[in-house]
Amino acid sequence: MGGNKHTITAPRKRDMSKLLCGLMKLTISILTADRKMSMLTQEQEAIVNCNHRHFKVLSAAGSGKTTVLTGRIKRLCTEGVSPSSIMAITFTRRAGKELRHRLGEGFKESLIGTFHSAILNIMHEQGKSVNVLDEREVEDVICGCANRLG
């Protein structure tokens, strides 16, 4: 039998530990993304699956509102609703940005953001001119109104 010898050695305990730790982190991140929907409470599932055209979600910070909205919007689109016909109003710009990020590239046509940004978008689409006042301009307007009223 020829001259090639293969030596198989068991990995060191520390190397195996690092490898397993890395694999576990990768597995957890994949499962977290895939299972968020399966980890919904009954109330959250009811919102994701409800067939009402309009609804609102009021809940404390960190309770899963963005996850619920993401699930509902994705469900609607899998059932044939066009992303361009979806409007999601959030309380903060940060929440709107997070919702947009979770939905991904296919939802650029959806109107997602704060009440103010949504109204500005709608007005711009209709060709209406909009002026946003800064704090000093607001004070000037209020003082001007107060002076006129006496």
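Which residues lie nearest the centre of the largest pocket? They are Leu69, Ala88, Ile89, Thr90 and Leu99, and they belong to a lining of 38 residues. The model described here is predicted.

**Overall fold**

The protein chain has 150 residues, of which 19% count as buried. Its secondary structure comes to 6 helices and 2 strands. Along the sequence, these elements follow the pattern α-α-α-β-α-β-α-α.

**The largest pocket**

A volume of about 1,300 Å³ is found for the largest pocket. Rolling a probe the size of a water molecule over the atoms shows where empty space is left. Three elements, helix 3 (65-78), strand 1 and helix 4 (93-103), each give at least two residues to the lining of this pocket. Which of the elements gives the most to the lining? Helix 3 does, with 8 residues. Sorted by class, the lining has 17 nonpolar residues, 12 polar residues and 9 charged residues.

**A nonpolar patch on the surface**

Met87, Ile89, Phe115 and Ile119 make a nonpolar surface patch of about 380 Å². Strand 1 (87-90) and helix 5 (115-125) are the elements that give two or more residues to the patch. Strand 1 thus appears in both descriptions: it supplies at least two residues of the pocket lining, and it gives two or more residues to the patch. Ile89 is also named twice, as one of the residues nearest the centre of the largest pocket and as a member of the nonpolar patch.

Met87 lies in strand 1. Is Met87 buried, partly exposed or exposed? Met87 is partly exposed, because its relative accessible area is 47% and that class runs between 20% and 50%.

**Salt bridges**

Side chains of opposite charge can pair when their charged atoms come close. How many salt bridges does the structure hold? There are 3 salt bridges, listed here with the distance from N to O.

| Salt bridge | N to O distance |
|---|---|
| Arg75 and Glu79 | 2.9 Å |
| Arg102 and Glu98 | 2.8 Å |
| Lys108 and Glu105 | 3.4 Å |

The partners can be described by their accessibility. In the bridge between Arg75 and Glu79, Arg75 counts as buried at 12% relative accessibility, whereas Glu79 is exposed with a relative accessible area of 53%. Arg75 falls in the buried class because its value of 12% is under the 20% limit.

For the bridge between Arg102 and Glu98, both residues are placed in helix 4. Why are Arg102 and Glu98 separated by about one helical turn? They are 4 residues apart in that helix, so about one turn lies between them. Arg102 counts as partly exposed at 29% relative accessibility, and Glu98 counts as partly exposed at 31%.

In the bridge between Lys108 and Glu105, Lys108 is exposed with a relative accessible area of 59%. Glu105 counts as exposed as well, at 63% relative accessibility. Each falls in that class because exposed means over 50%.

**The loop after helix 4**

Where is Gly106 placed? Gly106 is in the loop between helix 4 and strand 2 (111-114). At 53% relative accessibility, Gly106 counts as exposed, because that class takes values over 50%. Gly106 and Cys77 are 29 residues apart in sequence, and their C-alpha atoms are 10.0 Å apart in space.

**Summary**

The predicted model has 6 helices and 2 strands. Its largest pocket is lined by 38 residues, with helix 3 giving the most to that lining. The nonpolar patch of about 380 Å² includes Met87 and Phe115, and the structure holds 3 salt bridges.

Key
Residues are numbered from 1 along each chain as its sequence is written. This is a predicted model: local features need pLDDT of at least 70, side-chain atom pairs count only at pLDDT 80 or more; totals for chains, interfaces and linings use all residues. Side-chain values use heavy atoms; hydrogens and water are left out. Patches are made of residues with over 30% relative accessible area and no salt bridge: like charges are joined within 9 Å, nonpolar side chains (Val, Leu, Ile, Met, Phe, Trp, Tyr) within 5 Å. Accessible areas come from the Shrake-Rupley method with a 1.4 Å probe; for residues, only the protein chains shown count as cover. A salt bridge is a side-chain nitrogen of Lys or Arg within 4 Å of a carboxyl oxygen of Asp or Glu. Buried means under 20% relative accessible area, exposed over 50%, partly exposed in between (1.4 Å probe, protein chains only). On a 1 Å grid over the protein atoms alone, a cavity is a set of points where a 1.4 Å probe fits but cannot get out, and a pocket is an open set with protein on both sides within 12 Å along at least five of seven lines; lining residues have an atom within 4 Å of a point. Grid points are joined across faces, edges and corners, and a volume is the space filled by probe spheres set on the points. Ala, Val, Leu, Ile, Met, Phe, Trp, Tyr, Cys and Pro count as nonpolar, Asp, Glu, Lys and Arg as charged, and the others, Gly among them, as polar.
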